[in-house]
Amino acid sequence: MTTTLFKTLGAATTLAGIIATAGSASAATISFSGGTNFAPTDIVNQSIGVSKFDTSLGTLRSVTLQFTGDVTGEAGFENRASNAATIAVTLAGNLTLELDSILLSLNPENISSYQVSSFDQRLDFAGASGKTIAGLNATGSDTRTYTDSAILQSFIGTGDLNFLFSAIATSQVSGSGNITSYVDTLAKAGITVIYDFDPAQSVPEPTSVLGFGLFAGAAFLAQRKKSAIKISNS
C-alpha cells in the first residue's frame with residue numbers, strides 16, 4: 001500500500017506541475033502613444049514623452065515604433081509677369097524623430113499647380129493673376145521594429161522615453177520669374193510604441209502544489225478502499 005501511495009502522490013504532483021505551468025508560452029503586447037499639436041515650423045528638438053517598458057510585466061522581445069508626421073498650411077501668390085504663367089505650390093517638410101541612436105525621417109509633400117493670367121495690377125493674392133490656397137495638407141509615416149538587445153535597453157525602465165521631434169519646412173512657390181508669394185507651414189508628430197514581450201509567470205507556492213498532490217492522493221486511495229469494500233461484500 002505504501003508503494004501505491006507514493007505512486008499516487010507522484011502522479012498527482014506531476015499533474016499539479018502540469019497545471020501550474022500550462023499557458024506559460026503565450027506572448028503579449030502593450031502600447032503607448034504620444035504626440036504634438038500643429039505648430040509653426042521650424043520646430044527643433046521638441047520633446048515627446050512615451051512610457052518605458054516595465055520589466056515586472058515580463059521579458060521584452062521586440063519594440064515596434066510607429067512615427068506619423070503631418071504638415072498643413074496656407075499659400076498665396078501673385079503673378080507679376082506680363083505673361084500668363086503656371087504656378088506650382090509645394091507644401092512640404094522634413095520631419096525627424098530621434099531617440100539615442102534611433103533616427104526616423106519623413107518627407108510629406110503636397111504639390112498643386114494653377115494657371116493664372118498676367119499681372120492684373122493688384123497685389124492681393126486673388127483675381128486673375130493671383131490665388132490664396134487654404135487647407136493644404138500632407139502626411140507621411142514610417143514603422144520600424146527593433147530586436148537588438150542594445151537598442152531594447154533604451155526602452156526599458158521606469159518613467160518616460162524622451163523622443164525629440166524636429167520639422168523643417170521646405171515649402172515653396174515656383175513657376176514665374178516675377179512672382180510674390182508666401183507659404184505658412186505647420187507640423188505635428190504622432191508616436192506609438194508597441195512592446196512585444198513574454199509575460200512574467202506567477203509560480204504557485206510549493207505548499208499549494210504539495211497540498212494539491214496530497215488531496216489528489218487521498219481521493220485516489222479513498223476510491224480504491226471503497227472499491228475494495230464493494231468487492232469483499234459481493
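In what order do the elements of the chain run from the N terminus on?

**Figure 1. Overview of the predicted chain.** From the N terminus, the order is α-β-β-β-β-β-β-β-β-α-β-β-β-α. The chain holds three helices and 11 strands. Of its 234 residues, 32% are buried. Among contacts with a separation of 6 or more, 84% join residues 24 or more positions apart. The accessible surface is about 13000 Å², and carbon and sulfur atoms contribute 53% of it.

**Figure 2. Close-up of S129 in the loop between β7 (109–116) and β8 (130–146).** S129 has a relative accessible area of 0%; residues under 20% count as buried, so S129 is buried. Its side chain forms a polar contact of 3.0 Å with the side chain of D120. Leaving aside residues up to four places away in sequence, S129 touches F77, E78, N79, V116, S117, S118, F119 and D120.

**Figure 3. Close-up of the peptide bond from T41 to D42.** This bond is cis, with omega near 10°. D42 sits in the loop between β2 (39–40) and β3 (43–51). Most peptide bonds are trans.

**Figure 4. Close-up of N45 in strand β3.** N45 is not a glycine, yet its phi is positive, at about 55°. Most residues other than glycine have a negative phi. N45 is partly exposed, with a relative accessible area of 42%.

**Figure 5. Close-up of F125 in the loop between β7 and β8.** The phi of F125 is near 55°, a positive value in a residue other than glycine. F125 has a relative accessible area of 21% and is partly exposed.

Conventions:
Residues are numbered from 1 along each chain as its sequence is written. This is a predicted model: local features need pLDDT of at least 70, side-chain atom pairs count only at pLDDT 80 or more; totals for chains, interfaces and linings use all residues. Side-chain values use heavy atoms; hydrogens and water are left out. Helices (H or I, at least four residues) and strands (E, at least two) are DSSP runs, numbered from the N terminus. Buried means under 20% relative accessible area, exposed over 50%, partly exposed in between (1.4 Å probe, protein chains only). Contact means heavy atoms within 4.5 Å. Accessible areas come from the Shrake-Rupley method with a 1.4 Å probe; for residues, only the protein chains shown count as cover. A polar contact is a pair of N or O atoms within 3.5 Å; within protein, one must be able to donate a hydrogen and the other to accept it, and residues adjacent in sequence count only if both atoms are side-chain atoms.
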